[in-house]
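Student: I'm new to this one. Could you show me how to read a few features, starting at the surface?

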Amino acid sequence: MKVSLITMGCAKNTADSEHLKAVLESHGHSVSDDVNGSQCAIINTCGFIQDAVKENIDAILELERLKDDGFIKILIVAGCLVNRYEKELRQELPTVDLFARCEEWQKIADFLGGSVNKNCPTISPVSQNYHSRYIKISEGCDSACSYCAIPSIRGGLRSVPLKRVIDEAMIMCSAGAKELCLVGQDLTAYGRDTGSSLQELVSEINRSVPSGTWLRLLYLHPNRVNERLIDFLLTQDKVLHYLDIPVQHSESGILTRMNRPCDDGYLRRIFGYIRELDPLFALRTTIMTGFPGETDEDFGRLMDFVSDVEFDRLGAFVFSPEEGTKAAKLSPKVPKRKAQSRCDRLMELQAKISQERGELFVGRELDVLIEEVYDGEVWGRSFRDAPEVDGMVCVTGEAGVGDVVRVKIYDCEENDLFGEVLM
């Protein structure tokens, strides 16, 4: 059967979809992201915050229209949204043929039928983005941040066995992957439930994968990022000098209410230590504005913190009171207009910082992984650019998708660099 698999949400969902794809392929199905000509459409949903819920519902309704018009015969809704709102979805979406929770891949395969090939790998070796792949090393989270619905949606921490992670990394590399991005709700928690550790896992991947492979770490809880972990990562030759460390805020009072006990001093020390070891180290973070109780003074100090640390990349969003979370009941509330204004001001500041950080690379040489060649333009990413969320490098010269080329940077904009291939 020809199956269309549509992935919504974050990189962890992308990794989940590749596992589902492998299971479906092991049952003889042909899987792509193209609905045209498909008999079945599967949407792997995100239900993290209410904006995502609305976006996903709209996408499901569009697929229902395609089914009503006869373009597809079977519609399956899977993933986080089902975990969070299965009862409501069943009532409101009667034309959906199957609802499947996160990781219920075999349930979907059994529903669709087909002959089983037990020798197929646990991860699909074929990917549209074959040169850059996500590996999910854990599921769920035990951190219990007061604003976050993930533990209620995905459950507690469950680390993927180390051998399975290594096996999947090798499958991806053998299929042409040049970059492996480790994802999980919090990478620093890896192995706490199994007696292993992130250091052990990274060391084994670094030893096992081919020379020249990029290893990128995404989503590390700041409370467990310390000098010892940083020193270790810098000894691993395939680990990129890039870390995504979502701080959410800088002020200890707000962080305590978020159940992320930390303070401005600790965060400054850690980020300062990283930049002391490598001034060009790429730092990405996420910050929330308008959390209950955030005062003008808190926000002013947050702006000072961001200005001083100088993150290469920063994503900001307004607090969303998610159903079932402790933070949804906290007060005093920050008016949404004020929270949005703060978010906008923060991003205006970050635009200047990103520009200044980009200017540090003008005149320097970087390795660039080529992602797109379109209408005479060549675009790729350097060590400082994670897939889908960061900027890119526009390259002048001959290069093909999946190539890693040496580029001399001659100009920059807020998010992107511009360079020429060195022959």
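Tutor: Sure, and keep in mind that this is a predicted model. Let's begin with a loop: Glu310 sits in the loop between α11 (296–309) and β13 (313–318).

Student: Is Glu310 buried, partly exposed or exposed?

Tutor: The idea is to look at relative accessible area: under 20% is buried, over 50% is exposed, and partly exposed is in between. Glu310 has 31%, so it counts as partly exposed.

Student: Which residues form a negative surface patch with Glu310?

Tutor: Its partners in that negative patch are Glu356, Glu359, Asp411 and Glu413.

Student: And which residues make the nonpolar surface patch?

Tutor: That one is made by Tyr130, Val373 and Val401, and covers about 220 Å². Tyr130 belongs to the loop between α4 (105–112) and β6 (132–136). With a relative accessible area of 31%, Tyr130 is partly exposed.

Student: Let's go to the strands. Why is β15 described as largely enclosed by the rest of the structure?

Tutor: You count its buried residues. Strand β15 covers residues 377–381, and four of the five are buried, so the rest of the structure largely encloses it.

Student: Which strand do five bridges join to β15?

Tutor: That's β14 (residues 365–374), and the two run antiparallel. Leu369 stands opposite Arg381 of β15. The β14–β15 hairpin has two residues between its strands, and there Asp375 takes a positive phi near 50°.

Student: How many bridges pair β15 with β16?

Tutor: Three, again in the antiparallel sense, with β16 spanning residues 393–396. For one bridge, look at Val378, whose partner in β16 is Val395.

How values were computed. Residues are numbered from 1 along each chain as its sequence is written. This is a predicted model: local features need pLDDT of at least 70, side-chain atom pairs count only at pLDDT 80 or more; totals for chains, interfaces and linings use all residues. Side-chain values use heavy atoms; hydrogens and water are left out. Patches are made of residues with over 30% relative accessible area and no salt bridge: like charges are joined within 9 Å, nonpolar side chains (Val, Leu, Ile, Met, Phe, Trp, Tyr) within 5 Å. Accessible areas come from the Shrake-Rupley method with a 1.4 Å probe; for residues, only the protein chains shown count as cover. A salt bridge is a side-chain nitrogen of Lys or Arg within 4 Å of a carboxyl oxygen of Asp or Glu. Buried means under 20% relative accessible area, exposed over 50%, partly exposed in between (1.4 Å probe, protein chains only). Lys and Arg count as positive and Asp and Glu as negative; His and the chain ends are not counted. The place of a charge is taken as NZ of Lys, CZ of Arg, CG of Asp or CD of Glu. Two strands pair if DSSP finds at least two bridges between them.
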